[in-house]
Amino acid sequence: MRADGPDVAGRRISAAGRLHGVAGAAGGHPWRRYVALGDSFTEGVGDPVPGSPGVMRGWADRVAEELAAGQEDFAYANLAVRGLLLEQILSRQVGPALALEPDLVSLSAGGNDMVFHGSDPDKLAGKLETGVAVLAQTGATVVLFTGPEWASTPVLGRNRAKVAIFNEDVRAIAYRHHAVVADLWAIRQLADRRMWDPDRLHLSPLGHHTVAAMVLDTLNVAHSLQPMEPKDLPEGSWRQARTEDLRWAKDYLLPWALRQIRPHAREEVARRAKRPEAVQVLPVTGGLDRSPAVAEG
């Protein structure tokens, strides 16, 4: 079959189209090197590794562990750094990612811009597309993320309209560059508070597990992650909920917002990619070889 131009025939060889049929090969997949780009969401904040202070696991590690099953030559790097804005992610991570020559790339960015800086979602999308175009030109499968549905979260819920607009922009960008969309907005389980860290800004271990399963499903890769059916949460009184919301805003949201606006110089210097080199992933029973990872305090 010959591609006659940038229309129907050309779209038949898109990354999204190649995903279908992959699972037929004994649950295998075509990727051998995965690089994750982003901020705290991709770094895995909220999902600490037991016994390793400051080291985070997160959905991307969980995805890599599943992709490595039965693939001895599979390698994974995670360039994500907490607190970065979209332009910082693109300027600091796209170049190093290209140098690693991945055939699978995930990119999640823009959340900090909208939540803490009130950025225009359409302008953000324009910047995002610039980075996506560069990554897509390599032939790698590019995975993009929509923002989550924050309607039930105090303060963050006020950004719901902006997130919805940005999500539509992300879907359009994915269509134009044959990328794959991992749809956080569609995961209704994220309305469960147990999916979130106590700061309500980052996912909990259960949340990261749920996102990892969704990403693997989006890639049409068979995996061992079982969906968790959380029990109904006890209903608290309005007064109790309001008290918790105020405490959360004081203890978590305000300090976080201030750090985004005026980050300490020492913290800026200390911020490094979580897993800067593409290193072979050990079998799932042993977990990741974490020696190259940088522990974040």
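**Helix 9 and the nonpolar core**

In this predicted model, the largest nonpolar core comprises 69 residues. Within this core, the residues with the most contacts are Y34, W59, L107, L144, F145, V211 and V215. Helix 9 gives the most to the core, contributing 7 residues. In soluble globular proteins, nonpolar side chains tend to be buried together.

One of the residues with the most contacts in the core is L144. Apart from its neighbours within four places in sequence, L144 is in contact with L107, V132, V170, I173, A174, A179, V180, V181 and A182.

Helix 9 also packs against helix 4, which spans residues 58-68. The axes of the two helices come within 8 Å and cross at roughly 50°. Helix 4 is therefore oblique to helix 9, and the crossing is right-handed. On the helix 4 side, the contact involves G58, W59, R62, V63, E66 and L67. These residues meet P205, H208, H209, V211, A212, V215 and L216 of helix 9. The residues of this contact divide into 8 nonpolar, 3 polar and 2 charged. W59, V211 and V215 take part in this contact and are also among the residues with the most contacts inside the core.

L206 lies in helix 9, which covers residues 205-218. L206 counts as buried because its relative accessibility is 16%, and the cut-off for buried is under 20%. Beyond its neighbours within four places in sequence, L206 is in contact with R194, M195 and M228. W196 is 10 residues away from L206 along the chain, and the C-alpha atoms of these two residues are separated by 7.8 Å.

Conventions:
Residues numbered from 1 in each chain as written. Predicted model: local features only at pLDDT ≥ 70, side-chain atom pairs only at ≥ 80, totals over all residues. Heavy atoms only, no water. Helix = DSSP H or I, 4+ residues; strand = E, 2+ residues; numbered from the N terminus. Buried < 20%, exposed > 50% of the residue type's maximum accessible area, 1.4 Å probe, protein only. Contact = heavy atoms within 4.5 Å. Axes fitted to C-alpha atoms, helices over the stretch in contact; angles between N-to-C directions. Parallel < 35°, antiparallel > 145°, perpendicular 65-115°, else oblique. Left-handed = near helix turned anticlockwise from the far one by under 90°. Nonpolar A, V, L, I, M, F, W, Y, C, P; charged D, E, K, R; others polar. Core = buried A, V, L, I, M, F, W, Y, C linked by side-chain atoms within 4.5 Å.
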